[in-house]
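Trainee: Please take one part of this model and look at it closely with me, beginning with the aromatic rings and then following the strands and what they enclose. I would like the cut-offs spelled out as you go.

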Amino acid sequence: GEAGRLPGASPDLFPGSGGLDHLVPRLPEYGLRERCRMEEDLFGFMVTRHPLEFAAGEPGQPAAGIITAADMARHAGRRVRMRGLAISYKRIPTKAGTWMKFLSLEDLTGTFEAVLFPDAYARCAEAALGTGPLLVEGRVALDHAVPSLTVTDIRDACRDGTRRGSPLDPLLAKGGTGGGN
């Protein structure tokens, strides 16, 4: 007999059913984008791919001019652009009675902290409301060898700047709803 089957056991789950496989229609596999869209609609998040893989354009293509969380320390003191999904935030009042915000974001290489001091927060508060994908610009600071981003600008990372319900929307609008990976 086959490995893992008891001696004398039938290979058919329902012996005598006459092999009904020919009655079950063979459906085509969904394409990557459609599968991810359906996961997002069903679960509220993607399972097959990370949403940031789509924010940069085609999955697997690096975004030009954008550094990653893993590269932050190498850019200490420099102005940079980063892309990420907001995973947590804390909005706090200052002694002067204004507001600032701390954001934790994740990209494909890890997590990073971004700080919006009152001036930047006053300018960018609306853009900092969503989960993203967000495009953040600012200066990398190192505190005890731990990098963070002091934000000067933050906006939706979709290419045309309009807020969308999903990072897949720009790709699906190009007709990439089915087939193809």
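Mentor: One aromatic pair is counted here, under a rule by which rings of Phe, Tyr and Trp (its six-membered ring) pair if their centres lie within 6.5 Å, with planes under 30 degrees apart called stacked, over 60 edge-to-face and the rest tilted. This is a predicted model, in which local features need pLDDT of at least 70 and side-chain atom pairs count only at pLDDT 80 or more, while totals for chains, interfaces and linings use all residues. Residues are numbered from 1 along each chain as its sequence is written, and side-chain values use heavy atoms, with hydrogens and water left out.

Rings also take part in contacts with charged side chains, where a charge sits over a ring if NZ of Lys or CZ of Arg is within 6 Å of the ring centre and within 35 degrees of the ring normal. Arg91 is placed over the face of Trp99, 3.8 Å from the ring centre, and Lys101 is placed over the face of Tyr89 at 4.4 Å from the ring centre.

To set the strands in their context, the protein has four helices and five strands, these being DSSP runs numbered from the N terminus, with helices (H or I) of at least four residues and strands (E) of at least two. Read from the N terminus, the order of elements is α-α-β-β-β-α-β-β-α. The five strands close into a barrel with mixed pairing, in the order β1-β2-β3-β5-β4, and its neighbouring strands are turned against each other by 50 degrees on average, direction ignored, the axes being lines fitted to C-alpha atoms (for helices over the stretch in contact) and angles running from 0 to 180 degrees between N-to-C directions.

Two strands are taken as paired if DSSP finds at least two bridges between them. On that basis β1 and β2 run antiparallel and are joined by eight bridges, with Ala86 having Leu105 in β2 as its bridge partner. Five residues lie between the strands of this hairpin, and Gly97 takes a positive phi near 90 degrees in it. Going on, β2 and β3 are antiparallel over six bridges; Glu106 stands opposite Thr111 in β3, and Phe102 has Val115 in β3 as its bridge partner. The hairpin of β2 and β3 has four residues between the strands, and Gly110 has a positive phi near 160 degrees.

The pairing of β3 with β5 is parallel, over two bridges, and here Val115 is partnered by Thr150 in β5. By contrast, β4 and β5 pair in the antiparallel sense over 10 bridges, among them the one between Ala141 and Ser148 in β5.

The hairpin of β4 and β5 deserves a closer look, with two residues between the strands. Most residues other than glycine have a negative phi, and most peptide bonds are trans. His144, in the loop between β4 and β5, has a positive phi near 55 degrees although the residue is not glycine, and Ala145, in the loop between β4 and β5, likewise has a positive phi, near 70 degrees. His144 counts as exposed because its relative accessibility is 74%, on a scale where buried means under 20% relative accessible area, exposed over 50% and partly exposed in between (1.4 Å probe, protein chains only). Ala145 is exposed as well, at 65% relative accessible area.

Turning to the buried side chains, 35% of the 181 residues count as buried. The largest nonpolar core, meaning a set of buried Ala, Val, Leu, Ile, Met, Phe, Trp, Tyr and Cys residues joined through side-chain atoms within 4.5 Å, holds 21 residues, and those with the most contacts inside it include Met72, Phe112 and Leu149. At least two residues of this core come from each of β1 (79–93), β2 (99–106), β3 (111–116), α3 (118–124), β4 (134–143) and β5 (146–156). Leaving aside residues up to four places away in sequence, Met72 touches Ile67, Met82, Phe112, Glu113, Val140, Pro147, Ser148 and Leu149, where contact means heavy atoms within 4.5 Å. Across the protein, 52% of the contacts between residues at least 6 apart in sequence join residues at least 24 apart.
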